[in-house]
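Biologist: I should like to go through this fold step by step. Could we look at it together?
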Amino acid sequence: MLKYLSHFPFAFSGGCIGWQVLKPAYILAAILVMLAGNLSAQELNCNVTINSQGVEGIDKRVMADMKKNITDFLNLRTWTNDKYQTEERIVCNLVITISKNTGTKYEATAQIQSARPVFGTGYESVIINYLDKDWLFDYIENQPMDYNDNSYSSGLTSLLAYYAYLIIGYDNDTYARFGGKNMYTKAQQVANNAQNSPMKGWSTYDGMNSRIMLLENLLHQQVVPFREGLYSYYRLGLDVFNTKPADARLATLDMLKKIDVVVQNKPLCLIVNTFFDAKSTEIINIMSEADYGQRQQAYNILTKVDPTKTEQYSKLIKQ
């Protein structure tokens, strides 16, 4: 079952053509098309950037090799059992900014972003926009990047696999209620395998903004309304905005109300903060043409759950 066709309404008509009436050339062409479809089953279309400008004497050849290997690791590996067409692959960005290099050891921060297309438009909506400040890893030029879901291989491959599963999980949650559960379980397994590594960020003791807290939030029972809201916001909201803007605004308000419940039950919730870092401008644009009562509702919730952007949200209540 293809990802988009299983969730988007569509019309299909066609007949059954007997293979015996096709010429051999057509049969060969059809086989090649099917094979090409299987070869493009990978889930991610990740653009990788390695920024090492702040580190003197770093080997640019090694940086180029690192970029290629990370890109291949993310984009050429199959992470799920689902079938993705080329155009269905998840668009994402990974920007690694290296701050220190000692031999084969690197310290860095990483900006992780992903987006998904909005049905019937050319618009791509950001899902994740998260800065991980604790990347510590070894990298040796031309060395294979080994990885196994069941054991710890290296700091770098653990980081990449963790975010691959997180990105796919988030994306799946926007297409089906709790659709990302299996991917979050996979990410949890990666994190468990990396617990004894020297890297920060794999333990809940590493702070409320650590990478593991993103996953802890997503798996926490008190955050269930947020994950329900992701489906409402995207499938019942953004995906119908072009044809049913009133319905889209109601779905957006529903998401905000669910977030309000989450914040009341779990005040320090990292995924709420990352959501608004990615979505605040988009929410304002969605609600800007709503009636005043709806805009007031949105403003009241937004300034309560995301007070740092109060000035930005004030646009909603200006007459």
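Biologist: In what sense do strand 2 and strand 3 pair, and over how many bridges?

Modeller: This is a predicted model, in which local features need pLDDT of at least 70, side-chain atom pairs count only at pLDDT 80 or more, and totals for chains, interfaces and linings use all residues. Residues are numbered from 1 along each chain as its sequence is written, and side-chain values use heavy atoms, with hydrogens and water left out. Strand 2 (residues 90–102) and strand 3 (residues 105–117) pair in the antiparallel sense over eleven bridges. Two strands pair if DSSP finds at least two bridges between them. Strands (E, at least two residues) and helices (H or I, at least four) are DSSP runs, numbered from the N terminus.

Biologist: Which residue in strand 3 stands opposite Lys100?

Modeller: Glu107 does. Cys92 has Ser114 of strand 3 as its bridge partner.

Biologist: How many residues lie between strand 2 and strand 3 in their hairpin?

Modeller: Two residues lie between them, and Gly103 in the turn has a positive phi of about 65°.

Biologist: And how many bridges join strand 3 to strand 4?

Modeller: Twelve bridges join these antiparallel strands. Their hairpin has six residues between the strands, and Gly120 in the turn has a positive phi of about 80°.

Biologist: Now the whole sheet: in what order do the strands lie?

Modeller: The four strands form an open sheet in the order 1-2-3-4, with mixed pairing. Strand 1 (44–51) and strand 4 (124–138) are the edge strands, each pairing on one side only.

Biologist: Which strands does helix 2 touch?

Modeller: Helix 2 (residues 60–75) packs on the sheet and touches strand 1, strand 2, strand 3 and strand 4; contact means heavy atoms within 4.5 Å.

How values were computed. Axes are lines fitted to C-alpha atoms, for helices over the stretch in contact, and angles run from 0 to 180 degrees between N-to-C directions.
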